[in-house]
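Me: I should like to learn how to read the features of a protein model, one at a time. Could we begin with the pairing of strands?

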Amino acid sequence: MDKRVARWIIAIILASVLVVAELFTYIGGMGYVITHFNDEAVADLQVEEEEAEEVDISGYEADYKTLKEVKKNLQQVVEGKQHYYEVSADGLIYNIEINQGLSYGRSIKNGRAYLMDSFVAGKITAFFVPLLQEVEIDPTGKSQYMIIARDGEEITRLTPKGEGLQSTLKFMPETLEEVGKWQAGYYTFEVHVGDSFAIRQTLFKEANKLKVLLVPIKGRFGDEIRVLEGTWQEALNFTKKVYPLGEEDLIYEIREELDLSDKRYDLYTDSGLYHVWNILNKLQTKEKEYDVIIGFVRSPQGPEQQYKGYTMGAPAVIAMEENPEIEMIVAHEMAHCFEIGDEYWEGSFNMEVNPPPYEMNGYDWHDEEICVTSYKSFITSGNDRGSLATGTVIEQGQRPIDLSYKNLEMSYLNEVVTSFMGTGSSDLKDYWITSAVWEQLYHVFTEDEILESSIGELAVTCEGCYREVDLQDYKWLAYCSKEDNYTKFNIEETEEDYRCSKCKQKELANEDNVYLECPNCHTLNTLSQILKWATGIEEGRKIEPTYNVLQIRGNLNKNNEFITECWWSKQEALNELEAQKNGNYQVQILDKSGVCLQKRDFDVKNGKVEVDIIYPPVTHKVRLLDRDKVFYEREVSENEPTVDVWSIEPGQTLSGEQMISWRGKDLDQDTLHYTVWYDSEYEHRLLIEDTTKESLTIDLDTMPGSWYSYITVKVSDGMGESIGYSAHFQVAYKAPEILTVPEDTYKFKRSDPVEISVEVYDIQEGHLDKEEMVWRDYKGKEVGIGNTLYLQPYTLEVGVYEYTFTVTNIGGEIAQVYYVVEISE
């Protein structure tokens, strides 16, 4: 295999925790893909992508007295960092949004919002700093500014844009040169607003160059021959804006016109579509290699003129010039080359990368003979919002921003902005990039080479049976796309490519197609999973690897008959699992061949059985023993149960009592048990545990207010589990409560200090910060903050005074109480 790639593989697997913590940034990946037009498709097996980490956008809270102490603490926190850490000062500033097209992403797993943190070097970047209250913009930059440093060295200071009262500060350099063209490096962004400040650090990564060949085509359309008019030359403008690429990372060449007017290239026929695509593919040579080859034709293609663009696999795509949204079509078709699926009805869906909107039907990206339907109820189509475009809606709160507009407003886009992987609208302002598509492209364009390391002995845990296996005992396999099979290769052969055992063709063994087969359970372990087990590093973060743990519960009667309760599982790190104890009873976990994977002793108290044990994915049977005698055993169900949650329309604001319904399904016809939670950005509240009912009435007036809430339902058949989520909804914010009932009059002598304390509680935030509580005199002048009013002796003359105590929570809800103070000699 290639020497560079061999070094990459060895370094990933064998590096110590310290080395990987310093070198490893992010292993991205895709899924198993068969591109459009299945007969001519090319298969690529690549590393499965982990779900992007969700971000607590409230920031890192700490009570530090000085900026110097915060910086010192930050340095301690980020030792070994690779991806990002955030520190927000306690005060006015909510957070720092870094925007290269979006500020916030939406998880494709559960729809939760997270701060975008996948940034590339060289791309225009803006910053949004939301505040808890409006401030007057200081155009001088003396009291409001942002310091930008790269790798510890300050490179510039920015002042906020705009004027007047603003609740969000906006920062953006006037030119790329002002910030050194956003060179790759580790950046610190430090924002000051008066006495408040916030710090965020993150990595800007160098993207690979995207090399594109543009090919104008003189094409045949039935009996007509049509040539281009020239507008195709601007077709990459939209791609430059929305793809995670630096300003100089998209490199393109323009080829002279290709004459494909012969009848065999008729674009109204299936054979013609194939031949045009195939001719374009042949423009790829060893001397001239391109990531994408775009052929431009004048008009729609296909037997029914149904295609505005198409591809039968990378690198060639075809796009239509006679189309007002040609720029979107080019970005769309190019994205297919990077395993991104469609987001329109009857399209090809890659559910692991960019699942389409709720209830949309189409075909599986991996096998186009399989029909699939999206059940992600939190993903909304533009059609559901009154747009002609079918793609996933990008919420305005995610700040879809075209940074070529220096005013940093969203008014240049339409009210409903959708994914460019959809279709239906001819208005380019209806389209933008989703966070799911951005993350996929980011990982494609920024894959890192890990530096060379030496070979050493290392045993790592198989993700299938949870047993430690020496690296030398794994069977190292690489995938042959031509034969659709796995070939064994020797990791010591660092100088040569391996050859497929069937077709004998050379293929490069790299991070995208290398797997380790466990000699015990034959699970194919991905490199990224092996790395996680070996080093405790995942997506650049230090982690404690977790295991699936089965909670075995039931009762053992006097006749040694075991009456089982519903068993649930959970993810736990080893240090969270209760220490092994001696006991007269034992639980064993067996695989299909009868090999005991795990065992654990326990005792029975008053007939109650409660024991937790590691539960590997390849478990076939659970066995309970009294000494050496088996008194209960149970096989794992062949099919895991599923659950759908409905009765909530996406995005609506709800209050009062609401009926929540769900429906479980199990092909094995096992009895199903459910546990239900209410989730929002403020809490994860258990509503009911271990019930067999399929509905529940909840009173949302008792729940914290939230702009993004949903219901989570976990279903179990006693061994297997899955989770379902409702559509998201909003719950009105509740006003804070002032728990202290004021006296009629508070009496003080003039020589004594005035001190009045008030207890306040907020259902959203709990106990509020002092800045959210303000005391004012009868003139409206602020005389104190926090829950205590304190005035020095002799501050007030003899007389009666009225003070107003006002508390405002994060939702803008207000509670207010008046206090009367009487001062005497």
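Me: Which residue stands opposite T642 in β47?

Reply: In general, strands of a sheet pair through backbone hydrogen bonds, either parallel or antiparallel. In this predicted model, the residue opposite T642 is K665 of β47. That pair belongs to strand β45 (residues 642-646) and strand β47 (residues 657-665), which run antiparallel and are joined by five bridges.

Me: With which strand does β47 pair over five bridges, beginning at residue 695?

Reply: The partner is strand β50 (residues 695-699), and the sense is again antiparallel. Within this pairing, Q658 stands opposite I698 in β50.

Me: How should one read the order of strands in an open sheet, and which strands form its edges?

Reply: One reads the strands from one side to the other. A five-strand open sheet here has the order β55-β62-β61-β58-β59, with mixed pairing. Its edges are β55 (746-749) and β59 (782-785), each of which pairs on one side only. Direction ignored, neighbouring strands of this sheet are turned by 30° against each other on average. At one end of the order, strand β58 (residues 773-776) pairs with β59 through three bridges in the antiparallel sense. R776 has E782 of β59 as its bridge partner.

Me: Where in the chain do residues other than glycine with a positive phi lie, taking N606 as the example?

Reply: Most residues other than glycine have a negative phi, and most peptide bonds are trans. N606 has a positive phi, near 55°, and is placed in the loop between β41 (596-602) and β42 (608-614). Y794 is another such case, with a phi of about 65°; its place is the loop between β60 (788-791) and β61 (799-808).

Me: Is N606 buried or exposed?

Reply: The reading depends on relative accessible area, for which exposed means over 50%. N606 counts as exposed because its relative accessibility is 84%. Y794, at 51%, is exposed as well.

Me: Which residues have the most contacts inside the largest nonpolar core?

Reply: They are L210, Y243, I294, F296, F420 and W432, in a core of 77 residues. Helix α6 (residues 326-336) supplies the largest share of this core, seven residues. F420 illustrates how such a residue is read: leaving aside neighbours within four places in sequence, its contacts include F238, V242, Y243, M328, A331, H332, W432 and V437. Apart from this core lies another, of 29 residues, with C465, Y474, W567 and L597 among them.

Me: How many helices and strands does the protein chain have, and what percentage of its residues count as buried?

Reply: The secondary structure comprises eight helices and 62 strands. Of the 825 residues, 54% count as buried. Among contacts with a separation of 6 or more, 64% join residues 24 or more positions apart. The chain exposes about 38000 Å², of which carbon and sulfur atoms supply 45%.

Me: Over which residues does pLDDT stay under 50?

Reply: Where pLDDT is low, the predicted coordinates should not be read in detail. For the protein chain the average pLDDT is 79, and 80% of the residues score at least 70. Residues 1-84, however, stay under 50, although the model has 235 contacts for them beyond four places in sequence. The pLDDT is also below 50 over residues 491-496, a stretch with 15 contacts beyond near neighbours in sequence.

Definitions and conventions: Residues numbered from 1 in each chain as written. Predicted model: local features only at pLDDT ≥ 70, side-chain atom pairs only at ≥ 80, totals over all residues. Heavy atoms only, no water. Core = buried A, V, L, I, M, F, W, Y, C linked by side-chain atoms within 4.5 Å. Buried < 20%, exposed > 50% of the residue type's maximum accessible area, 1.4 Å probe, protein only. Helix = DSSP H or I, 4+ residues; strand = E, 2+ residues; numbered from the N terminus. Contact = heavy atoms within 4.5 Å. Areas by Shrake-Rupley, 256 points an atom, 1.4 Å probe, with all protein chains shown as cover. Pairing = 2+ DSSP bridges. Axes fitted to C-alpha atoms, helices over the stretch in contact; angles between N-to-C directions. pLDDT = per-residue confidence, 0-100.
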